[in-house]
Every structure is written in C-alpha cells, then in structure tokens.
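Open the model in a viewer and keep the sequence panel visible beside it. The tour moves from the whole chain to single residues.

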Amino acid sequence: MIYDISNPNLVLKEIKKLQPLNYNRFFWWRRWSRPTKDLPKSATFLDRIKNGEFEFSHYYWQAIYCEMEINEKYSLYKGDIQKLLENDGVAFQRRKKLWEDFEKAEKEAMNSLRDNFMVQFEITRDQYEEIISEFDGTTEELYYYIRKNFDHTGKTHKKRGRPPKK
C-alpha cells in the first residue's frame, strides 16, 4: 500500500453524494462535481452559504478516492512500483492535479468567505480571525452568530454601472 487511507467507507459515502461528470479534455482529471451549481454573485450571502459554496471542497474526496485506486493497482502489481508507474502513471498525475485543485478551491472559498463577512457586517480582519479561531459550528451558524453580535448594515455587493434614479 502506497497511501494510507484511514476510512475508505467514508470516502465512498462522500463520493456517492457527488454528481458524475462526462469526460472533458480540459479537465480530464475531474470525475465528479458538486450536486449544486454556484449561485450568481448577485445572490445574498446567506443564500450562497446555504447553497454550500463555502463548504469543504469535493476535490479532497476525489483525491483520496484516486489514492485508493492507486493502492488497488499497486496490490495488483504485487508491489512492483516500476510497473505501476509505467502502466498507470496517469493516476499519479490525476492525484497531483486533484490536490492542486483542492488547495486552490479551499483558499478561494476561505478568502471569499472572509471578504463577504467583512463587507456584510463591516468587521475588521482581526475581528474575523478572532471569531473564527473561537467559533465551533457550521458556516450558517457562524453567519447567524456574527449577525447577532455585529451591526448588520444590509450591505449588498457593490454593483457596477449607473446608480438608480431617485
């Protein structure tokens, strides 16, 4: 076994929640996507939270599943790593790209979440970091906690273009 997978049943359970993708030559390493599509930027912050846009990235489960497949192929080749690399090198590339996608998606989601909280509730980055380090709950619970404890100005995204007539 090359990669240590602690709970393969959990990985399979999480993979079943995802929607299978058709082959795409530009994103060949991705096999599944989230069951819900991202809402437009004009949607409210709470709606986007409820839609799951700021939740844990599904690329993690795909990468772990890919590692499970590599382990299976490794046992098929009876521990011959050279034969595995020759015949199934694509699996290692897929794993690498999925981990890159996971890191990128997580970073973008966390930055977007922070920025939306800072704009929506006019809190500073230090206040946000302090709340995040102490809070233990879901993203939606965090939203309601911050809304209760900070001034909710009702700000929405700044729109481009001409301001409305008065």
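The stops below cover the overall fold, then one helix, then selected residues in loops and helices.

**Stop 1: the whole chain**

Start with everything shown as a cartoon, and keep in mind that this is a predicted model. Colour by secondary structure to pick out six helices and two strands. From the N terminus to the C terminus the order of elements is α-β-β-α-α-α-α-α. The radius of gyration is 21 Å, well over the 15 Å that the globule rule gives for 166 residues, so the protein is more spread out than a compact globule. Turn the view along the principal axes: the C-alpha trace spans about 70 × 40 × 25 Å.

Next, switch on a surface. The protein exposes about 11700 Å², and carbon and sulfur atoms supply 50% of that area. Buried residues make up 35% of the 166. Among contacts with a separation of 6 or more, 63% join residues 24 or more positions apart.

Colour by charge before leaving this view. There are 31 positive and 27 negative charges, and their mean positions lie 9 Å apart.

**Stop 2: helix 3**

Select residues 59-76, which form helix 3. How far apart are the end C-alpha atoms of helix 3? They are 26 Å apart, and this agrees with the 26 Å expected for 18 residues at 1.5 Å a residue. Of these 18 residues, 13 are buried, which leaves helix 3 mostly covered.

Within helix 3, select Ile 64. Its relative accessible area is 10%, so Ile 64 is buried. Show the side chains around Ile 64: beyond residues up to four places away in sequence, it touches Ile 5, Val 11 and Trp 99. Then draw a distance from the C-alpha atom of Ile 64 to that of Asp 4; the two residues are 60 apart along the chain and 9.5 Å apart in space.

Move to the end of the helix. Just after helix 3, Lys 78 has a positive phi of about 55°.

**Stop 3: the loop leading into helix 3**

Step back along the sequence to the loop between helix 2 (45-50) and helix 3, where His 58 is located. Is His 58 buried or exposed? With a relative accessible area of 13%, His 58 is buried. Leaving out residues up to four places away in sequence, His 58 touches Leu 18, Trp 32, Ser 33 and Arg 34.

Gly 52 is also in the loop between helix 2 and helix 3. A relative accessible area of 16% puts Gly 52 under the 20% cut-off for buried residues. For a longer line across the model, connect the C-alpha atoms of Gly 52 and Gln 120: the separation is 18 Å, with their positions 68 residues apart along the chain.

**Stop 4: the loop before helix 2**

Select Leu 39, in the loop between strand 2 (32-33) and helix 2. Leu 39 is partly exposed, at a relative accessible area of 31%. Apart from neighbours within four places in sequence, Leu 39 is in contact with Asp 47, Arg 48, Asn 51 and Glu 53. Now add Lys 148 to the selection. Leu 39 and Lys 148 are 109 residues apart along the chain, and their C-alpha atoms are separated by 25 Å.

**Stop 5: helix 4 and the loop after it**

Go to Ala 109 in helix 4. Ala 109 counts as buried, at 9% relative accessibility. Which residues does Ala 109 touch, not counting those up to four places away in sequence? They are Glu 53 and Phe 54. The C-alpha atoms of Ala 109 and Phe 54 are 5.3 Å apart, although 55 residues separate the two in sequence.

Finish with Glu 122, in the loop between helix 4 (81-121) and helix 5 (125-134). Phi of Glu 122 is near 50°, a positive value in a residue other than glycine. Glu 122 counts as partly exposed, at 48% relative accessibility; the exposed class begins over 50%.

Definitions and conventions. Residues are numbered from 1 along each chain as its sequence is written. This is a predicted model: local features need pLDDT of at least 70, side-chain atom pairs count only at pLDDT 80 or more; totals for chains, interfaces and linings use all residues. Side-chain values use heavy atoms; hydrogens and water are left out. Helices (H or I, at least four residues) and strands (E, at least two) are DSSP runs, numbered from the N terminus. The radius of gyration is taken over C-alpha atoms; the globule rule is 2.2 Å times the number of residues to the power 0.38. Buried means under 20% relative accessible area, exposed over 50%, partly exposed in between (1.4 Å probe, protein chains only). Contact means heavy atoms within 4.5 Å. Accessible areas come from the Shrake-Rupley method with a 1.4 Å probe; for residues, only the protein chains shown count as cover. Lys and Arg count as positive and Asp and Glu as negative; His and the chain ends are not counted. The place of a charge is taken as NZ of Lys, CZ of Arg, CG of Asp or CD of Glu. The expected span of a helix is 1.5 Å times one less than its number of residues.
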